[in-house]
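User: Please go through the model below in questions and answers, with the cut-offs stated.

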Amino acid sequence: MANKPRVGIFDFTGCEGCELNQLNFEDQLLDILEHVEIVEWREAMDGRSEELDIAFVEGALSTPDCIKRIHEIRRKTKVLVALGACAVQGGINALKNIRPIEQVREEVYGQDKYLFPTLPALPLSAVVKVDVNVRGCPMTQLEFLKVFTALVMGKAPIEPGNSVCTECKLKDNECVYEKGMICLGPVTRAGCDAQCPTFGQYCTGCRGLVPEPNVEAMQEILVAHGLSMDDARKKLQLFNANQLEGVS
Amino acid sequence: MGTNLDIKVHHLTRVEGHGDIVVNMRDGVLEKARLEIVEAPRYFEAMLKGRNFHEAAIITSRICGICSLGHQMTSFKATEQALGLEVSEQTVLLRKLLVHGATIQSNVLHALFLAAPDFLKVGSVFPLVGTHPEVVLAALRMKRLANDIGEVVSGRAVHPISCVPGGFTQLPSAKSLAVLRERLEKQMLPDLVFAADVVATLAGEIPDFRRETEFISLRSDDDYALYDGDICSTDTGRVPDREYRRMSNEFVVPHSTSKHCKVNRSSYMVGALARWNNNHDRLCPEALGVAAKLGLKPDCHNPFMNTVAQVVESVHCCLDAMAILDRLLAAGIRDEVPNQDPTRHGTGIGATEVPRGILYHEYTYDRQGRITAANCIIPTGQNLANIDDDMVKLVPEVVDRGEAAIAHLLEMLVRAYDPCISCSVHMLDVKFTR
């Protein structure tokens with residue numbers, strides 16, 4: 001390749017765990033650096049850049065300054081990749097959207113609540129065009145590498161549309177419901193290799209809902225397994241408050 | 001006519017989160033020298049309200065990816081105290097092993113990837129791939145192994161999966177633990193000794209600065225306290241964890257979306273240097289040997305030495321992790337299910353040392369096991385007032401060096417604290433104005 005793609009990595013409202021997962025490519029980091037030039041990454045290096053081939057963006061948008069910065073990034077970038085649940089769906093940050101914002105601000109900052117401006121936590125796609133989604137909380141390194149390889153090869157990455165249940169079956173896991181627990185696998189997008197059920201946990205829905213999810217049926221299943229309607233809704237809201245409550 | 005300074009570093013690099021450094025000096029009088037926290041507010045305490053006890057750690061883990069394991073541990077301890085959930089000795093040992101892995105991972109990342117470039121006069125770790133490949137490769141190996149501890153024991157190093165209130169949803173095999181034990185001894189230990197030698201060659205570059213302050217960390221009778229212990233101040237000694245509010249005193253300041261803290265003075269410091277000052281007598285001889293080699297002495301009041309203290313304690317974490325694995329392997333892994341049957345519903349406090357310092361979570365639960373009140377006090381938030389006080393003392397001492405050099409020194413100061421701003425806001429950058 002004559003010119004290596006110029007890559008920038010950016011973060012908004014979130015935990016920076018997806019970025020950390022990029023620094024955690026101990027075995028592949030040096031290979032990755034052979035194929036791209038990282039020109040802007042505040043968490044790991046000094047310097048800013050004017051033009052980018054690929055921008056990886058983590059975090060949700062939740063302040064007026066976030067909105068301004070994401071427009072600036074979009075303007076200078078060819079391919080914009082949303083990295084992780086916060087950037088793709090608003091993620092766990094969107095839990096604050098389902099309660100009155102004044103109440104939320106007062107609970108945390110008390111009478112000083114007006115010092116700090118805040119907006120409902122939004123996914124990147126609510127404000128700018130997003131070209132590729134890498135889902136999960138945190139994003140999985142395997143999926144990132146697949147997307148990265150596709151982009152460096154100039155191909156469009158494929159986003160899975162099936163549910164976590166299909167991957168769980170392929171792994172021969174015992175169904176989480178058989179263990180007397182509940183699980184959001186039936187309505188959650190695959191691509192994580194059913195990580196959580198494989199480690200004895202239930203699927204928390206971090207990768208977002210499948211296309212055209214049957215949310216009512218999912219709630220009925222949760223209620224049939226002992227949750228109240230209110231608790232069933234709360235379980236579903238954990239990573240998907242925006243999609244379920246129509247904020248974006 | 002005195003000196004004028006006007007410095008503003010916007011969105012400081014090589015730290016976790018968003019902050020600005022601002023310095024104003026007019027006619028030789030320092031008007032302002034502080035770290036402004038501009039990270040978007042997160043509102044976690046409010047998000048926790050009404051949530052079931054199973055979800056508390058899943059949510060608080062997302063305060064910070066780098067500290068996710070520490071937030072989980074602290075969250076479990078608070079929930080278990082509030083609900084009267086006893087945990088087994090095996091659970092405690094596996095948790096301590098996870099804490100060692102996360103501490104080594106975070107300390108190595110900070111010392112070699114984020115702080116070392118300053119001493120080698122480059123802007124990031126990436127140029128070091130060409131100039132110092134053996135250092136970069138050792139750092140990558142150590143990070144890999146530290147993260148592997150997380151993956152083997154809890155399924156994932158960032159936002160662990162199988163740790164839950166009351167225990168683990170799945171236990172690691174004895175075989176996988178034996179492999180970790182072998183790799184810690186044959187790989188991690190030599191790599192840490194090599195890293196310490198590299199840091200020793202850079203020790204002359206560490207700025208000579210001293211400001212007496214209060215140091216707060218956990219302290220325990222049994223070990224170098226990380227997972228558990230009393231709250232201990234270098235000024236006033238030990239108190240139980242239930243006194244955490246008195247030992248932190250969070251308050252809101254207009255220039256920071258993260259709250260500030262103070263106890264016996266205008267500020268205090270938490271983190272590896274605080275742990276060193278309070279608990280150096282609990283370190284293993286090998287770690288003390290590394291401390292001697294690196295010139296780290298008890299009662300150290302130079303915040304730039306925090307990075308050195310991180311390297312020293314990493315050696316201890318590695319050896320103690322090996323000792324824990326020996327105990328686990330000698331006893332054999334017992335098949336246990338998590339204890340999730342509450343015996344009471346009330347308030348519980350968790351106090352844990354995470355890489356950046358002492359972390360507190362407090363939750364109150366109702367009879368349905370739902371959170372009615374939550375409070376999280378974050379290490380970086382506790383350090384912010386101390387960073388501001390350091391800047392106020394440091395700037396006049398170096399005022400003749402010129403704006404660019406001062407700005408760089410202040411960036412190094414803030415980085416030495418290894419701040420985690422996402423956390424502190426549940427929330428770094430440098431600004432100078434003349």
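The turns below take up chain A, one of its residues, and a sheet in chain B.

This is a predicted model, in which local features need pLDDT of at least 70 and side-chain atom pairs count only at pLDDT 80 or more, while totals for chains, interfaces and linings use all residues. Residues are numbered from 1 along each chain as its sequence is written, and chains are lettered from A and ligands numbered from 1 in the order in which they are written.

User: How many helices and strands does chain A have?

Analyst: Helices (H or I, at least four residues) and strands (E, at least two) are DSSP runs, numbered from the N terminus. By that assignment, chain A has ten helices and five strands.

User: What is the radius of gyration of chain A?

Analyst: The radius is taken over C-alpha atoms, and the globule rule is 2.2 Å times the number of residues to the power 0.38. For 248 residues the rule gives 18 Å, and the chain A value is close to that, so chain A is as compact as a globular protein of that length. The radius of gyration is 19 Å.

User: Is Val130(A) buried, partly exposed or exposed?

Analyst: Val130(A) sits in the loop between helix H5 (101–109) and strand E5 (132–134) of chain A. A residue is buried if 20 or more other C-beta atoms, placed from the backbone, lie within 10 Å of its own, exposed if 12 or fewer, and partly exposed in between. Because Val130(A) has 19 such neighbours, the class is partly exposed.

User: Which residues is Val130(A) in contact with, leaving aside its neighbours within four places in sequence?

Analyst: Contact requires C-beta atoms, placed from the backbone, within 7 Å. With those neighbours left aside, the partners of Val130(A) are Leu80(A), Ala82(A), Leu124(A) and Ser125(A).

User: Which strands stand at the edges of the open sheet in chain B?

Analyst: Two strands pair if DSSP finds at least two bridges between them. The sheet has three strands in the order E1-E2-E3, with antiparallel pairing. Each edge strand has a single partner, so one side of each is left without a neighbour in the sheet; these strands are E1 (5–9) and E3 (29–37) of chain B.

User: What angle does helix H11 of chain B make with E3(B)?

Analyst: Axes are lines fitted to C-alpha atoms, for helices over the stretch in contact, and angles run from 0 to 180 degrees between N-to-C directions. Helix H11 (residues 379–397) lies across E2 and E3 of chain B, and its angle to E3(B) is about 145°.

User: Which residue in E2(B) stands opposite Ile7(B)?

Analyst: E1(B) and strand E2 (residues 19–26) of chain B run antiparallel and are joined by five bridges. Opposite Ile7(B) stands Val23(B).

Terms used:
Two residues are in contact if their C-beta atoms, placed from the backbone, lie within 7 Å.
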